[in-house]
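Dear colleague,

I am passing on a structure that you have not worked with before, and below it I have set out what was found in it. Please read the notes with the model open beside them.

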Amino acid sequence: TSPEEPKEQAETKSFKIGVVIPSGDHGFTGESVAHAKMEAEALMTEYDGLEIVVKDGLEASDQITSIENLLAGGDVDLIMLWPMEGEALRSAAQSIIDSGVELVVYDRLISNFEGLVGEIMGDNVGIGKMMGEYINKYYADMDSVQYLRFVGDSSTVTSQRNEGMDEVIEPKFKQVANTFVTDWSTETAQGQMEDWLNAHTVEEIEELDLIVTHDDEIVDGLMNALEAYSGPAKINIKLITSVGGREDTLVKFENTKLPVKFCTFYFAPSFIREALRLSVAHLYGEEYTGANLVNGQYLIPSFSISNAGDATYDFEEYRNSDIYKERYSIGKF
Amino acid sequence: MLVEMKGIVKDFGPVRALDHVNFTVRPGEIVGLLGENGAGKSTLMNVLAGSYPPTSGEIFINGEKVNIANAKIANQHGIRLIHQELNLCNDLRVFENMFLANEITNKFGFLNKKEMISRCNKVFERMKVKIDPNSPVEKLPAADKQLVEIAKALLFKCELIIMDEPTTALSTNEIENLFSIMRQLRDSGVSFIYISHKIPEIFEICETYYVLRDGKLVAEGNLKDMDENGITELMIGRQLADDEFSKRISSFGEKIALSVKNLTGEGFRNISFDLHEGEVLAITGLHGSGCDAIADALYGIIPYKGEIIVDGIHLKAGTNIRDSLCHGIVMVPRMRKERGIHNDLSIYDNISMGYFNTKHKRFFINSKIESQRFLRQKKALSIKTEQPQNPITSLSGGNQQKVILGRWLETDAKIMLFDNPTQGIDVGTKFEIYRLILDLARAGKAIIIFSQEFPEIYKVADSCIVLYKGEINAILNRHEMTEKNVMYYSTGANLEGERYAQNYKKHV
Amino acid sequence: MLKTIKNMSNKTKYPKDLYKMLITEYSFILSFILLVIIAASVNKNFFTWTNISNIFVQSSMVGLIAMGMSMVISAGLIDISVGSQVAFIGSFGILVLNNTGSIFIMLLFCIVVGFILGGLNGLMVTKGGIPAMIATMAMQSACRSIINHFGSGGPFTVNKEYYESLRMLAVGGIYITPKFKIPYLMIIFCAAGIIFDIIMKHTKFGKYIYAVGSNETSARLSGINVDLVKACTFIVTGIMCGITSLIYASRTTAVAAASAATGFEMDAIAAVAIGGTSMSGGKGKIIGTFIGVLMFKMISNILTAADVSTYLNGAISAAIIVIAVLMQKLQNSKKSS
Amino acid sequence: MLKTIKNMSNKTKYPKDLYKMLITEYSFILSFILLVIIAASVNKNFFTWTNISNIFVQSSMVGLIAMGMSMVISAGLIDISVGSQVAFIGSFGILVLNNTGSIFIMLLFCIVVGFILGGLNGLMVTKGGIPAMIATMAMQSACRSIINHFGSGGPFTVNKEYYESLRMLAVGGIYITPKFKIPYLMIIFCAAGIIFDIIMKHTKFGKYIYAVGSNETSARLSGINVDLVKACTFIVTGIMCGITSLIYASRTTAVAAASAATGFEMDAIAAVAIGGTSMSGGKGKIIGTFIGVLMFKMISNILTAADVSTYLNGAISAAIIVIAVLMQKLQNSKKSS
Ligand SMILES: Nc1ncnc2c1ncn2[C@@H]1O[C@H](COP(=O)(O)OP(=O)(O)OP(=O)(O)O)[C@@H](O)[C@H]1O
Ligand SMILES: Nc1ncnc2c1ncn2[C@@H]1O[C@H](COP(=O)(O)OP(=O)(O)OP(=O)(O)O)[C@@H](O)[C@H]1O
Ligand SMILES: [Mg+2]
Ligand SMILES: [Mg+2]
């Protein structure tokens, strides 16, 4: 706001943004809350008259309650909603639109929903595809690849990542057990891996080439189990794929004695900053360029980080990047 | 109504509690049912009242065979059972308890409280008791609870009322009121089955008797042809001589074991007395006169003001049972089932628990020593069991009481409080317990027995404190200890004129 | 105590009785008023109709369950399967709606399935002799597991065409004036409170529940069918879960298999405890539970208004529960001494 | 009853007694053997040492807690705060390790904090008169809430430099031969089982716990300090939570504030129930709990080996729990009739 434009200063409106997000039920959401709060602070200092309140809830109906409370206040202009479960928040989202408040939805989809400013999210299908293409290439000289798959839960995030990968992987990839559902928990994944190792023969274990996962915290658990494995079989797993980019997990692979390599696809809690930037840009009528607009959805681009080569970044490059610095700007717990 | 039970057999697992028992009640008759603890009296009555099915046997009402599958059906046949154990829902109000499962409802199906309360009041009036139908049962003293149980049976029109030890907590007056109602009802054709371990009551109210022993019917007949000794002999299969008690000469040491000064608390005031080594002191009084409260205060369960001095040492006032234990005061509590036994624990552990709390200093328990402890007490108290590792509930009431006694003997306590020690215990075992108390006194223990039964007091006590409204009204020595005197002072006749004495005479 | 009761006896008239009861029995009314004061001072909008009706609406789900839970706990039992039951019934209820297109059939389905689940709990506890805690824990785990299995592709979602009509239950209400609406959910919650209060106080079934919770043996010996009473408390709770699941579906128009209604059991139990129902059975008042549920929601209302970190909500609610129960104990011990 | 008991009397020797006990008292041994058979037929590796020791290792965390829980339940109480306690102590334990660099100080910290949390539970229940269910529910909620607040929901992670030494506890063991290792966690679990068994059977404290659980009034009148005994059971459980949290941190080298150790309380309670401890107190055997915990882990072992959908695990475990408890009831009722 420069003194040359007194007209515009007079017009500077005050806006209130309500941010409704899930409480941290694992590392990702937890750190997201912190990023959201930090970005909100930053934006509030940058824009005069901007107020951002952040509400988180442990469960879909908690989030609905937060939305109701915000709407009852009567003074919000836009709600940035990260639904616990897209479909479960459909009704509440409808109420937002109905009461004339603008809506930005982050991370999880509400299918066939109209009237919102935009949906913005990490590109889950894209990540799935990238992961699929990466393993196609990585295992190019093998005729048959046996793998295990560990996912988070039954949300759209999981199904999109699966969808993207299943679309591109070659038929030689054989999943050797039911998909393990970890509830995004390190300990659960660890127990499942231990059980799997103990329930299978030496040959079966030695034939395992790859593990596909959807989150770095799951990988932590798997590595704990693999490193502690003391049975007769030799671990021949060449690669574990994942989604994230957590420092802790990178460190794990730098220190492991196992021959396993790691490839993770960047997906960070700091993505939520983009959703906030989009919201603010919309209110102030600015152009937003932080994500690619594809079929009406803003998709935040991802990239690969790996110590196995053929990736956008190796670990060190990644650590030196701005993205890494922003991701860890909230400090480490 | 003519009720006949024929060839009733009841097995609890391998135990045969009833063995082909035949039992008949005629209209307008009060039948006394007698027998030792565990003879099967309650079981027989429970079968009749539909609490559990017989293993075999038949029941006829007015000549017609009936199947009494549950309490509701028994009620429909006009049979009501007052259970031996207090069976009230403490959280409900008096009237709700009395009408439980027989509620009066209005035409919308809602409860008609007014009607129920007024009918309760009518029954209480008839029984000459003052109980507020609206008060929660948990607030009532034990005696009132028992009266409520009785009132519950009188509330509905019925033809046979079974009373399984209804008077364990009642005072003489209340018992008299109960008996006069029973007589009235009998005259209008209602029959009663009356179970009690207080033999004089049986003679006072019953006309005929049945005697059970080990689940078998051993005798039946007319009480007119019987005396107390005869009945006792039928019950336990041998004779009991109470000469040994009545001819006893009172003697005890000089040394004061326990000195109580101005003890005051909830329900009692200014209680002072000295208890000598080897002395058996009885404390008695009508219900509500403070016996229970004094017992609890002496043992440190409830708070008090005043002094309790043991061997010249003042106990810490307040509620500290451990302090009492450390100074050698122990108590065999009233209401064994609720307050005495550790029901899931073995007989071993039940005996050892007192020792653990006072003497046991090491971390571990040596099961060999525990077993020696049991054998020692088994011998001393002649506890009847072969299986000390079984839970204490496998024992009969009398033997449970002996185990509790043994628990405290193992602590070498010097002062022993017996609070209603023979509640619900049969004559034979009662006499054993009296003998034990006297033996303990002879061995130098100082003993206080809290009891409302004069015969019991007379058998064991060297002196007797009679309470009236929470204060000591008289301290009687052995010569002065007559039933008449005890009654005179416990009704406060000396204080409140002749009225009470008159009243008392009329009843006796 | 005896004396106060006698003084209170038949002569005093009803209004006076009520007044005395408010003071002597419902100590938590005090905590409630305190909470209202705090709420009003933190949230300027507290006394607006929108806010108040909103609190009732938000309370309705846990509220209905807590009514059933009051019965279960009064009978000396516990039911920790309620949250999973809601999720289970809601998920399949949505499938029923999508396939039949009739909200009425969905309601019927929810009630019937609630009845069955509650009946199963009842069977396990009465005929199976499994402790209520374990039996309902098994039910909880089984329900959640089954919907997770069937819903592994994602949440159960109401078809678009039934969407608006289902939502009417959650957002609709009776309009007194065009601006002044009594939400249906508020009406349902209050009606349930009144019905349960009447059942517990003025019907045989209510008395039997207290009798069973207070002393099972004497209840049995009095001729009460104890097993039936116990099973009925579970069944009633199951039915309440069924109704709640309809409300849940209507509020969210989708049920997320893994997370829906988690924690409802603890909220309901806490509300019952705050309301003064004894955890060991035999004693309790529906009005207590009713206010307990409202208090619970008001706490979250206050914390939101005061902008307290959501993470700390748990700690603060815990502190408030403990204080509320302590206050009751204190008052009770004062009364009896 | 009396007669059979008499038949069994003193003459029989110990081995025979043991044999009889196995048949009559530990009916769940039957379920256990059944489970082993199923496991062995599904999992070809079942009888390998790696697998068996792994089951013990996986059981160790819930196992240690279940030992404490056995005490609490035997005393007629319940503790549903254990999972949150583990997460709480583990989170701050990791901070302590990161700041001091000493695993020993961390262990000390874990034990002391466990003692304090258990003590708080004990205080609320004994001095506050709050029902154990409610008091520990409040503790559960408070613990979780506080670590969520400090960790913003994210994990507490062990610093790289302490990482390897901390992990030794989880992955290390005593090597009998270079290929044959007895894991420390297995040793700890078995040792705890033996110690708790001795405490419950052969010490005053154990007897007091059963006495309090079976009849509180009688216990008090026997001179037992009932409040102290109750508080001690909570404190012991708290300490077990402390040790468990160290194991947890060592196994995962990170504690996720929001999700760590959730559900441990239900697993522990279920194991205690499967093991035949009466939920109303007074009765119970540590060996029952020990086997109960193993059974629990074996179930998940079997389900993984049989490649059952993870989602269905809950339903199958629930069914097995119900069957195990039913079998006990059946046997008990056979014995007594
Ligand atoms: N439910 C039961 N299960 C197993 N045994 C029982 C049961 N009830 C009673 N018994 C046994 O049956 C026998 C008869 O018991 P019952 O209670 O009828 O005696 P009682 O004559 O009423 O004794 P008391 O004078 O002590 O009341 C006893 O050996 C008792 O242990
Ligand atoms: N904890 C208490 N709180 C209030 N009043 C009490 C308490 N304990 C005793 N009282 C009152 O003190 C009086 C004496 O009671 P106590 O139970 O000692 O009488 P008791 O002679 O043993 O009666 P019973 O023959 O019924 O056993 C009674 O009026 C009773 O209501
Ligand atoms: Mg009897
Ligand atoms: Mg008395």
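The domain bounds used here come from an automatic or database domain assignment. The model is a predicted one, and in it chain B is divided into domain 1 (1-78 + 159-242), domain 2 (87-156), domain 3 (255-328 + 414-507) and domain 4 (343-411).

I looked at how domain 3 of chain B meets domain 4 of chain B, whose C-alpha centres lie 27 Å apart. Their contact takes 15 residues from domain 3 of chain B and 12 residues from domain 4 of chain B. The area buried between these two domains is about 1,000 Å², with carbon and sulfur atoms giving 70% of that area. On the side of domain 3, the residues that lose the most area to domain 4 are B:Leu325, B:Glu432 and B:Leu436, which together account for 40% of what that side buries.

B:Glu432 also forms a salt bridge with B:Lys402, in which the closest N and O atoms are 2.6 Å apart, and the count between the two domains is 1 salt bridge. Across the same interface, 4 residue pairs are in polar contact. Helix H16 (427-442) of chain B is among the elements that give two or more residues to the domain 3 side, and H16(B) gives the most, with 5 residues. By class, that side has 9 nonpolar, 3 polar and 3 charged residues.

Turning to other chains, a rotation of 180° with 0.2 Å of shift along its axis superposes chain D on chain C, with an RMSD of 0.2 Å. The two copies are therefore related as by a two-fold rotation axis. Of the interface residues of chain D, 97% are also interface residues in chain C, so the copies meet through the same surface.

With best wishes

Methods
Residues numbered from 1 in each chain as written. Chains lettered and ligands numbered in written order. Predicted model: local features only at pLDDT ≥ 70, side-chain atom pairs only at ≥ 80, totals over all residues. Heavy atoms only, no water. Least-squares fit on C-alpha atoms with pLDDT ≥ 70 in both. Contact = heavy atoms within 4.5 Å. Buried area = accessible area lost by both parts, 1.4 Å probe. Salt bridge = Lys/Arg side-chain N within 4 Å of Asp/Glu carboxyl O. Polar contact = N/O pair within 3.5 Å; in protein donor to acceptor, adjacent residues only side chain to side chain. Helix = DSSP H or I, 4+ residues; strand = E, 2+ residues; numbered from the N terminus. Nonpolar A, V, L, I, M, F, W, Y, C, P; charged D, E, K, R; others polar.
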